[in-house]
Amino acid sequence: MSAPVLDVRSLSVEFESTLGTVHAVRDLSFSIGEGETLALVGESGSGKSTAAMALLRLIPNPPGRISSGAVLLSGRDLMALSEADLRGVRGREMAMIFQDPMMALNPVYTIERQIGEVLRLHLGLSKSEILAEVVELLRLVGVPAPEERARQYPHNLSGGMRQRVMIAMALACRPRLLIADEPTTALDVTVQAQVLDLIHGLKEKLGMAVLLITHDLGIVAETANRVVVMYAGRKVEEGTVGEIFADPRHPYTRGLLGAAKWEEADGDLLREIPGTVPSPFEMPSGCSFAPRCAEAIPLCRGAMPELKDVAPGRQVRCFLAEGRGHG
Amino acid sequence: MKKATFQFVLRRLLQVVPVVLAIAAFNFLLLRLAPGDAADILAGQMGHATVEFTEQLRREFGLDRPLYQQFLIYMGKLLTLDLGMSHLQQTPVIDLIVDRLPATLILMVSAILLAVIVGICIGIAAARRQGRLADNLISVAALLVYATPAFWLGLMLIVLFSIKLDILPSGGMMQIGAGHEGLAHVLDVTWHLILPATTLGLFYVAIYTRLMRASMLEVYGLDFIVTARAKGLSEGVIAWTHAMRNALLPVVTLAGVQIGHLLGGSVLVETVFGWPGLGRLVFDALLQRDLNLLLGILFISSVVVVIANLVVDLVYGLLDPRIVHR
Ligand SMILES: Nc1ncnc2c1ncn2[C@@H]1O[C@H](COP(=O)(O)OP(=O)(O)OP(=O)(O)O)[C@@H](O)[C@H]1O
Ligand code: SF4
Ligand SMILES: [Mg+2]
């Protein structure tokens with residue numbers, strides 16, 4: 001296997017607050033290969049966005065801090081780079097799109113200016129080259145009448161069009177890795193599928209790696225190759241999409257899948273996993289999922305289970321799963 | 001000019017008309033409501049306030065006609081910029097004002113530009129160093145300036161720069177009798193402008209510094225700043241483009257609102273520095289109870305404020321495309 005595009009090792013992120021330290025991400029490791037889509041799933045507050053922001057060292061400091069870990073992009077450790085070198089990576093080798101495309105675009109600059117900025121900064125294109133390239137990029141992401149759109153402002157565009165603009169901006173320098181943090185959550189259902197298809201199609205076309213953050217397991221099933229499930233800042237399970245859907249080993253993953261199935265069967269009746277994510281200041285001493293876990297055994301409340309390899313590329317953090325591979 | 005921009009400008013221009021009419025009507029009412037009319041005052045001033053003489057004056061001024069007729073006549077005269085005569089100086093009011101207005105405009109525009117530009121720069125610098133020593137020093141300095149009365153500041157500046165150091169003139173608008181022309185004249189006026197413009201503008205520098213700092217910090221919390229960082233832009237570029245452009249909006253709005261205050265402040269500063277603007281004229285008109293002159297100045301000042309607000313709105317439209325396209 002060739003070296004992965006992204007290799008994250010033992011990443012931990014903390015936030016200081018008046019109530020104490022929040023360990024938003026703990027000891028998180030995963031890797032993404034060329035042309036691969038890795039989905040990061042988990043309930044709200046599980047640390048998905050924090051992990052994504054940490055990859056580009058965009059955690060606001062204070063209050064945040066990347067307390068440990070390495071982020072290797074094609075073998076180069078981003079944590080060891082100078083600020084200036086890091087800026088050369090952001091937007092060029094690793095680009096990001098966000099949940100709310102209205103908020104993520106600057107309201108007072110034209111689309112051309114905002115996409116063009118990346119081209120000028122990283123590729124040193126001239127003014128006329130920029131306009132041509134912006135139009136080309138807008139066409140690539142399926143924005144109709146790109147010449148006209150380029151001169152408009154974000155408020156002139158619909159939500160779906162804005163997200164396409166964000167994608168065009170992210171792809172401007174053909175990055176090796178695209179991070180998409182809930183790219184469709186803020187969009188209409190009909191537009192969601194279009195935007196996902198677009199990301200998927202462009203990934204194939206440009207051969208980049210994608211880190212897709214989402215709540216929606218339907219999206220995972222359709223677009224991802226592998227899945228990392230996070231709970232309370234930690235990875236609790238990893239596997240291919242097939243493995244996770246056919247044979248979820250962690251009770252939390254099973255809960256997520258169960259909730260998703262119910263949602264499908266009866267749109268109105270939202271079945272959720274009982275209980276709520278523990279407060280970051282009152283983490284249970286043993287397995288963080290224990291208070292909500294229907295299968296918990298006494299051992300679970302005493303110690304945190306280790307993340308165990310149960311098969312190649314397949315990991316689970318649960319006492320019960322450790323033996324199950326054999327039986 | 002783009003169609004949307006043109007429509008925006010036109011719309012704003014049309015809005016000015018009723019405002020100016022309202023000011024004129026208000027002015028007229030003041031003239032009527034003042035105890036005793038111009039005829040009384042004039043007759044009194046001339047020293048023979050007999051009933052017959054006052055009545056004669058009244059007929060001369062048309063003060064014996066019905067109110068609505070007087071109003072129409074008044075408005076008709078306004079259209080031709082006829083603001084009546086200054087009773088005491090026996091000169092058309094408009095001539096007196098036109099004579100003094102440029103000096104006041106120069107002072108006001110310099111003060112507001114100084115305040116906005118310096119305030120924005122310091123505000124951005126402070127926001128980028130939030131909570132650090134430089135930020136705290138700026139906050140303290142802004143508070144001190146904010147609390148300093150303008151006339152005291154003016155006098156202190158005169159004492160320091162004109163009397164002690166002798167590097168800046170203490171008053172006037174140009175060197176008397178030097179007869180500079182062209183560039184030399186401009187430089188001479190600029191030279192005389194430094195102290196009064198600083199005195200008038202410094203208070204507003206403090207205000208805009210604090211506002212710009214707060215506005216920048218708010219903008220820094222918005223998502224598109226994260227986008228800008230994720231693009232690879234440096235903090236300097238983000239501060240002076242993406243963040244500043246958005247953070248400017250409240251500052252421009254406030255500057256528009258404060259132009260009226262600034263005009264009021266310039267009356268004081270002009271008096272301290274012997275600046276030959278409207279302020280001194282107001283002072284004289286007040287002392288001599290020259291009602292026509294006073295109301296003329298009031299009217300023209302209001303129009304200046306309305307036009308200044310129009311300019312500010314247009315600037316705002318340039319800064320924020322959402323306004324123009326609404
Ligand atoms: N700027 C911050 N200051 C303090 N705490 C923070 C900050 N950002 C995130 N956190 C904390 O980090 C934890 C993880 O948050 P994060 O936004 O990464 O979750 P998420 O999985 O992306 O959730 P969602 O699905 O709602 O987007 C939360 O407990 C949150 O309170
Ligand atoms: S370790 Fe125990 S509590 Fe935690 S998920 Fe597994 S069974 Fe549930
Ligand atoms: Mg998130």
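Strands β11 (residues 308–311) and β12 (residues 314–316) of chain A run antiparallel to each other and are joined by three bridges. Strands here are DSSP runs of E at least two residues long, helices are runs of H or I of at least four, and both are numbered from the N terminus; two strands count as paired if DSSP finds at least two bridges between them. Within this pair, A311(A) has R314(A) in β12(A) as its bridge partner. Two residues sit between the strands of this hairpin, and G313(A) takes a positive phi near 70°.

A word on the model itself: it is predicted, so local features need pLDDT of at least 70 and side-chain atom pairs count only at pLDDT 80 or more, while totals for chains, interfaces and linings use all residues. Residues are numbered from 1 along each chain as its sequence is written, chains are lettered from A and ligands numbered from 1 in the order in which they are written, and side-chain values use heavy atoms, with hydrogens and water left out.

The hairpin belongs to an open sheet of eight strands with mixed pairing, ordered β6-β7-β8-β3-β9-β10-β12-β11 in chain A. Its edges are β6 (94–97) and β11 of chain A; each has a single partner strand, so one side of each has no neighbour in the sheet. From one strand to the next, the twist averages 25°. Elsewhere in this sheet, β7 (residues 177–181) and β8 (residues 209–214) of chain A run parallel and are linked by five bridges. One of the residues involved is L177(A), whose bridge partner in β8(A) is A209(A).

Two helices can be placed against these strands. Helix α7 (residues 159–171) of chain A lies across β6 and β7 of chain A, at about 170° to β6(A). Helix α1(A) lies across β3 (37–41), β6, β7, β8 and β9 (226–231) of chain A, and runs at about 150° to β8(A). Such angles run from 0 to 180 degrees between N-to-C directions, with axes fitted as lines to C-alpha atoms, for helices over the stretch in contact; contact itself means heavy atoms within 4.5 Å.

There is also an open sheet of four strands, with antiparallel pairing and the order β2-β1-β4-β5 in chain A. At its edges stand β2 (20–32) and β5 (76–77) of chain A, each with a single partner strand, so one side of each is left without a neighbour in the sheet. Helix α1 (residues 48–55) of chain A packs on this sheet too, touching β1 (6–17), β2 and β4 of chain A, and its direction makes about 115° with that of β1(A). Strand β4 (residues 64–73) of chain A pairs with β5(A) in the antiparallel sense over two bridges, and L73(A) has R76(A) as its bridge partner in β5(A).

The loop between α1 and β4 of chain A holds both P62(A) and P63(A). The peptide bond from N61(A) to P62(A) is cis, with omega near -10°, and a cis bond also joins P62(A) and P63(A), with omega about 5°. Another backbone detail turns up at A145(A), which has a positive phi of about 50° although it is not a glycine. A145(A) lies in the loop between α5 (127–140) and α6 (146–150) of chain A.

Now for the ligands. Ligand 1 is surrounded by 13 residues, the closest being S44(A), G45(A), K48(A), S49(A) and T50(A); a residue is near a molecule if one of its heavy atoms lies within 4 Å of it. Helix α1(A) gives the most to this shell, with three residues. By class, the shell has three nonpolar, seven polar and three charged residues, where Ala, Val, Leu, Ile, Met, Phe, Trp, Tyr, Cys and Pro count as nonpolar, Asp, Glu, Lys and Arg as charged, and the others, Gly among them, as polar. A polar side-chain atom of S44(A) lies 2.4 Å from an oxygen atom of ligand 1, and a backbone N or O atom of G45(A) lies 2.8 Å from an oxygen atom of that ligand.

Ligand 2 has 13 residues around it, and H250(A), C287(A), C293(A), C300(A) and C318(A) come nearest. Its shell has eleven nonpolar, one polar and one charged residues.

Key:
Polar contact = N/O pair within 3.5 Å; in protein donor to acceptor, adjacent residues only side chain to side chain.
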